[in-house]
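Student: Could you walk me through this protein with a few questions and answers?

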Amino acid sequence: MRTPHVLLATAAVLAAAVVAPPAGATAEVPEPGSYYLQSATTGLNAADNAGAVEQHRPKGDEDRQQWRLTASGTSYVLESTDTTGSCLGRSGDQARTVSCTAADAAWEIAPSGDDQYTLKVPGADRYLTVAAKPSGANYPAQLAVGAPGLLATWYLTPVTPATSPMPPQDRRTLDQVTFLTAHNAYANGVDGGFAPPFVNLVPNQTRGIDQQLADGVRGFMLDIHQTPDGAILCHNSCTLVSKPVALWVDLQRMVDFLKAHPDQFVTVFLEDYVDPGVLRSELARVSGLSDVLYRPDRTGVRQHGWPRLADLVAADQRLLIFTDHSRAADEAAGLTRDSFGVMYQREWTVENYWSMGSGIGTSDWSCYSRWYGADTNIPLTRTETGFRPLFVMNHFRDAAIAATATTDNTKLADRAQRFCLPAARKKPNFLAVDRYDLGNPAAAVATLNSYTYP
């Protein structure tokens, strides 16, 4: 890991000077400066790999993924910020790095939809594009030069974005706010058993749910498994777990907290392995749940965007519950979870891949979608007209080793701002960590809550 850069200032502006676009070019092309070139299809970044230009997992300045946009005659060039004189270009039907003075380095850049662009070969109907996806596989890494279309649309995301001060408390929308989130909040060794004894030795948290709420945790990741007793909080399996906790017990703790603190908002993320009927019955056991449950599916969020947090507080809609379960599977079973107030997370959020590596040793700070693979593709950059999904940023490893978690949590703000924010083109709304009591991740939450990202 390189030495962290200075954190983004809340009023940061593009460092490059504004110059006139080339003759005949559209004025809607971004200003000259340093950018990530992100596929609008996959959310992955164009990177220089020994001369081949490939799409890689976003990784800040650590993987030759930054390009300096400048005008060149009647076109533009994108020069590698790592190698002076080397530009994103082409050789035949493949994207390659070439000399910035070569004809094959020139691109005509034009808007294509909402904040998206095409890079066209001057004088030809050929475009920088992601190669077509083979059946049952991911999109190939090697970028191509080919036909126009959805695969040939790109974001130009500033390396140093302009930001704005956070609005006053009563004007902040839900998607402008960042919440401290406890990964495997139930796996704390205080409230009850959560795993076989040898796993209990490495809890993800060391404080119970009540204390987590008192400490400012407002997002809770919970794994639920089905047993004859209902939806139970366990890690991987409930077999051999001594004194496990039922889901309704922890949800009751949260509802009781919200009743006692009428200005607070809580979000629950369920890693969900139970039948919908079992989950519905479990929620029915929580006294007062319906009084505070927030239903974005009933309030026009997808058409008009997220409401102000103050309005949700005023309406007493202060508990949002997500499931990672499949809607299609529930429809086949004849009962959808959103019919009783549990939202399907993939419809309302984006989320980066959960693991930074093992519990010790080096870590992988790349920030890419948890839902990118041969069978699904929900890029971190996904947006819809009038609606931006909430961004869940995972920042933890396979095992919660205290010393490692301490170090990782001290670097949370740096990873959020330098890696994950540009990867998603949005500010993280939920910072999910192990051992939130170590390394002061609350400071990273405070930093992110000092500004908005357009």
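Student: Is Asp291 buried or exposed, or partly exposed, and what is its relative accessible area?

Tutor: Happy to help! This is a predicted model, where local features need pLDDT of at least 70, side-chain atom pairs count only at pLDDT 80 or more, and totals for chains, interfaces and linings use all residues. Residues are numbered from 1 along each chain as its sequence is written, and side-chain values use heavy atoms, leaving out hydrogens and water. Buried means under 20% relative accessible area, exposed over 50%, and partly exposed in between (1.4 Å probe, protein chains only), so Asp291 is partly exposed, at 43%.

Student: Which side chain meets Asp291 in a salt bridge?

Tutor: A salt bridge is a side-chain nitrogen of Lys or Arg within 4 Å of a carboxyl oxygen of Asp or Glu. For Asp291 the N to O distance is 3.2 Å, and the partner is Lys259.

Student: How many residues apart in sequence are the parts tied together by Glu384 and Arg302?

Tutor: These two form a salt bridge, with their closest N and O atoms 2.7 Å apart. Glu384 lies in the loop between strand E21 and strand E22, while Arg302 is in helix H6. Helices (H or I, at least four residues) and strands (E, at least two) are DSSP runs, numbered from the N terminus. The pair therefore ties together parts separated in sequence by 82 residues.

Student: What is the relative accessible area of Thr181?

Tutor: Thr181 sits in strand E14. Contact means heavy atoms within 4.5 Å, and Thr181 touches residues including Val217, Phe269 and Phe430. Thr181 is buried, and its relative accessible area is 0%.

Notes
Lists of a residue's contacts leave out its neighbours within four places in sequence.
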